[in-house]
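Colleague: Could you take me through one part of this model up close, a place where two helices meet, and then work outwards from there? I'd like a connected account rather than a list.

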Amino acid sequence: MTAPLDFYFDFSSPYGYLAAERIDDLAARHGRSVAWHPVLLGVIFQKTGAVPLTQAPIKGQYVLRDFARSARFMGLPYRQPSRFPLATQVAARAFYWAWDRDQARARDFGRALFRALFVDDRDISDPATVLAIAAAQGFDPAALEAALATPALKDRLKQEVEAALARGVCGSPYIVVDGEPFLGADRLPQLERWLAAGPGGF
């Protein structure tokens, strides 16, 4: 099968960042592409009854260690952001605008947004930061700024989040391959085996 993998994530998700750095190369090794779908964990948490991991009693201190340890394990840079969690509506809307224009550059833009937050500790909830990152990836910041003010782009994100919920997306990253869901960056090895061998590989 050659259908794209569906990659759901929130730009404020450390595990989403880790997956974003690996998912396209992983898929390409098996002749697949990846459709990126930024979502809003806040909306998902309202539906699932969850809370941001760092705000969960007792568990919060553990995940802070796990974020950094998981990044080291994967050979990726990581700095815990000074603002966390933070709103990612602007980043997600900007991504969809970019995706509709150039998917390859949009993926680079998405990774740049993640790195800005989790490596450089930049505030990606600030529209000016998002516009600067978009410009660095070759997108027209004036055109993007105008688009961000339109109801159409706001509705696009709302519809994408609703579609993700309907599909069962309950966290970030949430990756679907041929109807099979995988939740978490630590599931990437399982996902790769599934791509290589299918359900019979388990």
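Modeller: Sure, and bear in mind that this is a predicted model. Let's start with α6 and helix α7 (residues 127–136), whose axes lie 10 Å apart and pack at an angle of about 135°. That angle falls outside the 65 to 115 degrees counted as roughly perpendicular and is not over 145, the cut-off for roughly antiparallel, so α6 and α7 are oblique to each other. As for handedness, α6 and α7 make a right-handed crossing. On the α6 side, the contact is built from Phe-109, Ala-112, Leu-113 and Ala-116, while α7 brings in Val-130, Ile-133 and Ala-134. Sort the residues of this contact by type and you get 7 nonpolar, no polar and no charged.

Just past that, have a look at Gln-137, which sits in the loop between α7 and α8 (141–148). Gln-137 has a relative accessible area of 24%, so it counts as partly exposed; the buried class stops at under 20%. Leaving out residues up to four places away in sequence, Gln-137 touches Arg-105, Asp-108, Phe-109 and Ala-112. Phe-109 is 28 residues away from Gln-137 in sequence, yet their C-alpha atoms are 6.0 Å apart.

Phe-109 also leads us into the interior. The largest nonpolar core has 56 residues, and Phe-109 is among those touching the most other members, along with Leu-5, Phe-7, Trp-36 and Ile-124. Helix α6 (residues 103–118) supplies the largest share of this core, 8 residues. As background, nonpolar side chains in soluble globular proteins tend to be buried together.

Now pick up Phe-7 from that same list. Setting aside neighbours within four places in sequence, Phe-7 contacts Gly-16, Ala-19, Ala-20 and Ile-23, then Val-34, Ala-35, Trp-36 and His-37, and finally Pro-173, Tyr-174 and Ile-175. Another core, of 14 residues, lies apart from the largest one, and Tyr-174 belongs to it, as do Phe-45, Tyr-96 and Val-176.

Tyr-96 then takes us to a second helix pair. Helix α5 (residues 89–99) and helix α9 (residues 151–167) have axes that come within 9 Å and cross at roughly 100°, which makes α5 roughly perpendicular to α9. From α5 the contact draws on Gln-89, Ala-92, Arg-93, Tyr-96, Trp-97 and Trp-99, and from α9 on Leu-153, Lys-154, Arg-156, Leu-157 and Glu-160. Here the residues split into 6 nonpolar, 1 polar and 4 charged, whereas the contact of α6 with α7 has no polar and no charged residues.

Notes:
Residues are numbered from 1 along each chain as its sequence is written. This is a predicted model: local features need pLDDT of at least 70, side-chain atom pairs count only at pLDDT 80 or more; totals for chains, interfaces and linings use all residues. Side-chain values use heavy atoms; hydrogens and water are left out. A nonpolar core is a set of buried Ala, Val, Leu, Ile, Met, Phe, Trp, Tyr and Cys residues joined through side-chain atoms within 4.5 Å. Buried means under 20% relative accessible area, exposed over 50%, partly exposed in between (1.4 Å probe, protein chains only). Helices (H or I, at least four residues) and strands (E, at least two) are DSSP runs, numbered from the N terminus. Contact means heavy atoms within 4.5 Å. Axes are lines fitted to C-alpha atoms, for helices over the stretch in contact, and angles run from 0 to 180 degrees between N-to-C directions. Angles under 35 degrees count as roughly parallel, over 145 as roughly antiparallel, 65 to 115 as roughly perpendicular and the rest as oblique. A crossing is left-handed if the near helix is turned anticlockwise from the far one by less than a right angle, and right-handed if clockwise. Ala, Val, Leu, Ile, Met, Phe, Trp, Tyr, Cys and Pro count as nonpolar, Asp, Glu, Lys and Arg as charged, and the others, Gly among them, as polar.
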